[in-house]
Every structure is written in structure tokens, then in C-alpha cells.
Amino acid sequence: MVDFTQRTPLIAAGLLLALCAPPGLADDWASDWEDDGWADEEWDEAPRSRLPFTLHGFVEAAAGVHLQSNPAVKEQIDQRWNLAETRLQLELNGDWQQVSYRVRGDLVADGVEDEVRAELREALFSTSTGAVDWRVGRQVLTWGTGDLLFINDLFPKDWESFLIGRDEDYLKAPSDALRTTWHADALTVDLVWTPVFNPDQYVDGGRLSYFNPQTGAASAESISDLSREPRSFPSDGELALRLATRIDGREFALYGYRGFYPQPDDARAMPSGKLEHPRLNVYGASVRAPLGAGLINAEVGYYDSADNRSGDQAGALPNSEVRFLVGYDWELITHLNVGVQYYQEWTQDFDQLEQAMVARGNPSDWAGKEHRHLLTARLTYTQWRGDLVWSLFGFASPNEQDFYLRPSVRYRYSDALTLSTGANLFGGRDDFSFFGQFEEDSNFWARARYRF
């Protein structure tokens with residue numbers, strides 16, 4: 001177990017930098033380059049007054065604690081602290097000839113893992129040739145219409161960061177990919193090729209426990225030690241396609257994906273031995289349009305489990321599914337924005353999945369629900385010209401009888417300094433349900449970020 005007193009200096013150092021760094025530092029540095037004393041002279045060719053790139057970033061200190069003891073974690077992870085880190089992010093942007101480039105990376109002093117590590121978030125080049133835009137390298141990708149619900153967005157996610165209190169931006173993990181976008185008068189075509197499969201960064205016992213169907217209880221055993229990722233080039237690459245158009249203010253899109261399940265196997269049907277990422281094809285569509293005082297959106301996707309289309313491998317491989325959502329977002333009163341969503345997962349050949357569970361000696365309930373219903377609501381209230389933001393995002397499943405709440409408060413003390421605090425609260429009737437398995441991982445977090 002890590003002694004938090006050893007990591008306190010890391011947090012203190014981050015807060016000290018955040019609170020004491022001179023707010024005009026970046027502006028002064030830039031003005032030193034711009035005001036070089038030559039501007040008023042009449043010269044045929046004045047010396048360059050700017051760097052060929054821009055550099056900015058932030059320093060952030062973050063801490064998070066479990067709200068109750070979780071006996072499953074024991075000594076495998078810190079029983080109290082699940083977040084204790086100081087993070088420095090630098091982002092460099094520039095262009096050369098007709099090529100733009102961006103590099104964004106983090107240096108993290110992590111008290112929970114007791115390590116200092118570097119994380120490369122982006123390293124990409126982009127250019128245009130006629131009506132086609134090209135972007136190649138490490139990049140963060142997203143599309144679709146859902147709010148924290150993803151159907152046709154199969155790009156990697158970092159679920160552990162999302163559940164322990166890091167900034168919501170870190171939910172999107174980077175991809176090593178080539179993206180091309182072709183623009184026509186009435187149609188936009190996006191094609192993303194990932195040469196080697198990029199999986200989700202999922203909950204695997206590192207900081208949060210999960211329900212393990214092998215033991216029938218919560219576990220903190222590392223799933224990553226048991227999993228095997230597709231790594232062969234080019235056969236284990238991914239392709240994602242989007243065709244989008246706009247008609248009379250309404251946005252329509254079609255999607256296609258060929259690759260692998262982002263997380264190994266199905267959490268409800270974990271087989272013994274090495275866990276695989278089965279092959280997956282997804283076909284979908286979405287629409288977004290104004291309606292009344294707000295915006296309505298809908299999205300659907302068919303998850304074709306390529307290795308288990310008939311369902312005869314239920315319990316060992318995921319079953320195919322139909323996923324659907326519809327949402328509506330509007331300003332209820334001045335400064336209060338409301339967004340609601342209904343989401344459903346319809347598991348195909350569900351009876352075969354239940355039979356497989358029973359055959360393996362497990363309760364049929366562990367197969368979940370044939371139709372999993374989920375409701376979400378986001379409330380956002382702003383005060384003081386947007387400097388103070390109160391937010392609550394809630395997930396609730398009526399038929400699985402579990403929930404997940406994300407209350408938070410963000411205060412912008414200045415253009416540079418932002419203070420945030422919040423919680424991740426889980427609960428449910430059953431410890432094997434999607435959110436119920438994390439009930440003893442509920443946590444409180446706080447962050448201070450200084451931008452420069």
C-alpha cells in the first residue's frame with residue numbers, strides 16, 4: 001500500500017505552481033518577442049517577431065478518495081486514495097509550408113501508482129489536397145450524437161479516468177490513425193484507418209474493483225494480465241466510416257465500423273484462460289434536428305458479433321446487439337440547461353446466453369437483461385457570468401435497478417486558475433449489474449488547474 005504522506009509533496013508542488021505562477025508570464029514572454037524595438041523603423045525586411053509555433057498548457061493537482069472501504073481491493077490497490085497526482089500538460093501547435101502539426105503530452109507524478117510517467121495524447125500532422133483533408137498520427141477521435149453514451153463511436157475510451165475523477169476530456173483515449181475527410185456540396189465523408197487495433201482503457205482492477213463471474217464476487221485482479229490484444233499488422237487494423245449531410249438545418253449520418261470489441265470478451269461471460277477481443281462490425285445511423293426550444297437527436301447501431309452471429313457461442317463470445325438512443329437538450333430557464341436521453345441495448349439470441357450461463361453453473365441473472373433500459377439526465381446551471389458552474393449527470397437503469405451519479409462544481413477563479421470538485425456515486429440492487437458492481441468504489445475528488 002502506498003503511504004499518502006509520500007505523495008503529499010507532489011500535490012503541494014502542483015498547487016504551489018498553480019497558485020503562485022505569475023498570470024502574465026505567457027503574455028510577457030510573447031510581448032518580449034513582439035516588441036523588439038524594430039517595429040517603428042523603416043526597413044525593407046523586418047526580422048521575424050514570432051516563433052514558428054505556439055506553446056501552452058496547464059499544471060493540475062488532483063486528489064480522490066473512496067467514500068467507503070472496499071474489502072475486494074485489500075492490498076492490491078490503495079484502499080482509500082484512488083487519485084493523487086500532479087499533471088503537467090504541454091501543447092505545441094505550428095505549421096510548415098502547407099502542413100500543420102500538433103504535439104500534446106502530459107508528465108504525471110502519480111502517488112497511487114508511486115511513479116512518474118509520460119503520456120502522449122496527440123502527435124499529428126494535417127494538410128489538405130483539394131477537397132480532402134488529411135490527418136495522420138496520434139489523435140483523439142469522436143463522432144455520434146450521444147452525451148456520454150456511445151453507439152457508433154468505437155474509438156478508444158479511458159473508462160478508469162472517467163470513473164475516478166479526472167477531467168472529462170480524459171474519457172477519450174488517443175488513437176494512432178489516419179483520418180481523411182472529403183468535402184462535397186451536400187456530403188461529407190470521413191474515413192479513419194487504424195493500422196493496429198487500439199482498445200479501451202477499461203476497468204481492470206488497477207484502481208477500481210469489478211464483478212468477476214469466475215468467482216461470483218467483486219475482484220481487483222488485473223484483467224490486463226489475462227487479456228490478449230490483436231496486434232498483427234495489417235490484419236488487426238480498424239476501419240471506421242461516416243457519411244454526413246445537412247438538410248434544412250437537420251444533420252443526418254450513416255456509420256460503418258470493422259474491427260474488434262473495445263473491451264475483452266463480455267464482462268458477464270468471462271471464460272477461463274486468455275481473454276480475447278472478438279471481431280466486431282457495426283452499422284448505424286443518426287439524426288440531429290431542432291425541435292421546439294431545443295435539439296433532438298437519435299442514433300441506432302447494429303453490433304454484429306462476427307464470430308458469434310448465430311449465438312451458438314453465447315457465454316464464450318458476445319452476442320450481437322441492437323443499440324438505440326434518443327435525446328433532447330434545451331434551456332429550461334435562464335442559465336439552466338437540461339439534457340435527457342433514453343438508451344436501450346437489445347441482446348440477440350438471449351435465450352442461448354441464459355442457457356450458457358446455467359450450463360457453466362452460474363445464475364441465469366448474470367446474463368443481464370435481454371432489453372437493458374437506461375435513462376440519463378444532465379443539469380447544468382451557470383452563475384457569475386459563467387465563472388461558477390453547477391452540474392449533475394445521472395445514469396439510471398429501471399430494469400437493472402442500478403444508477404451512477406456525477407455531481408460537480410467548477411469555479412473559474414481567473415482566466416488561468418480553475419478549481420473543481422465532485423463525486424462518482426454508484427449503487428444498485430445486484431452486485432453484478434453494470435453500475436452496481438462499482439458501489440463500493442464510490443469516490444470524491446478535487447482538482448486545481450492553472451493554465452499558461
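Helices, of at least four residues, and strands, of at least two, are taken here as DSSP runs numbered from the N terminus. Counted in this way, the protein chain of this predicted model holds 4 helices and 20 strands. Of its 452 residues, 44% are buried. The chain exposes about 23,000 Å², and carbon and sulfur atoms supply 57% of that area. Among contacts between residues at least 6 apart in sequence, 58% join residues at least 24 apart. Some of the side-chain pairs behind this picture are worth a closer look.

Salt bridges are a good place to begin, with a count of 35. In one of them, the side chains of Arg166 and Glu85 meet at 3.0 Å, N to O. Arg166 belongs to the loop between H3 and strand E6 (175-183), while Glu85 is part of strand E2 (residues 81-96), so this bridge ties together parts that lie 81 residues apart in sequence. Are these two partners buried or exposed? Arg166 has a relative accessibility of 9% and counts as buried; Glu85, at 1%, is buried too.

A second bridge links Arg242 with Asp190, whose closest N and O atoms are 2.7 Å apart. Here the partners come from two strands, Arg242 from E10 (residues 238-247) and Asp190 from E7 (residues 188-194), so parts 52 residues apart in sequence are tied together. With a relative accessible area of 19%, Arg242 falls under the 20% limit and is therefore classed as buried. Asp190 is buried as well, at 1% relative accessibility.

The third example joins the side chains of Arg412 and Asp387 at 2.6 Å, N to O. Arg412 lies in strand E18 (residues 402-412) and Asp387 in the loop between strand E16 (371-383) and strand E17 (388-397), so the parts tied together are 25 residues apart in sequence. Both values fall in the middle class: Arg412 is partly exposed at 36% relative accessibility, and Asp387 is partly exposed at 25%. Salt bridges with shared partners also build a network, which takes in Glu85, Arg87, Asp106, Asp110, Glu113, Glu115, Arg117, Glu119, Glu160, Arg166 and Arg207. Glu85 and Arg166, the partners in the bridge of 3.0 Å, thus reappear as members of this network.

Turning to the aromatic side chains, a pair of rings is described by the distance of the centres and the angle of the planes. The model contains 19 aromatic pairs. Trp143 and Phe155 form one that is edge-to-face, with 5.0 Å centre to centre and 65° between the planes. Both residues sit in the loop between strand E5 (132-139) and helix H3 (159-164), so the pair ties together parts 12 residues apart in sequence. Trp143 is buried at 6% relative accessibility, and Phe155 is buried at 7%.

Phe150 and Trp159 make another edge-to-face pair, 6.2 Å centre to centre and with 65° between the planes. Phe150 is buried, its relative accessible area being 17%, whereas Trp159 is partly exposed at 21%. These two rings belong to one aromatic cluster together with Phe162, Phe393, Phe395, Tyr404, Phe426, Phe434, Phe435 and Phe438. Phe150 has a charged partner too: the charged end of Lys157 sits over its ring, 4.7 Å from the centre. In a further arrangement of this kind, the charged end of Arg323 sits over the ring of Tyr303, 4.1 Å from its centre.

Definitions and conventions. Residues are numbered from 1 along each chain as its sequence is written. This is a predicted model: local features need pLDDT of at least 70, side-chain atom pairs count only at pLDDT 80 or more; totals for chains, interfaces and linings use all residues. Side-chain values use heavy atoms; hydrogens and water are left out. Rings of Phe, Tyr and Trp (its six-membered ring) pair if their centres lie within 6.5 Å; planes under 30 degrees apart count as stacked, over 60 as edge-to-face and the rest as tilted. Buried means under 20% relative accessible area, exposed over 50%, partly exposed in between (1.4 Å probe, protein chains only). A charge sits over a ring if NZ of Lys or CZ of Arg is within 6 Å of the ring centre and within 35 degrees of the ring normal. Contact means heavy atoms within 4.5 Å. Accessible areas come from the Shrake-Rupley method with a 1.4 Å probe; for residues, only the protein chains shown count as cover. A salt bridge is a side-chain nitrogen of Lys or Arg within 4 Å of a carboxyl oxygen of Asp or Glu.
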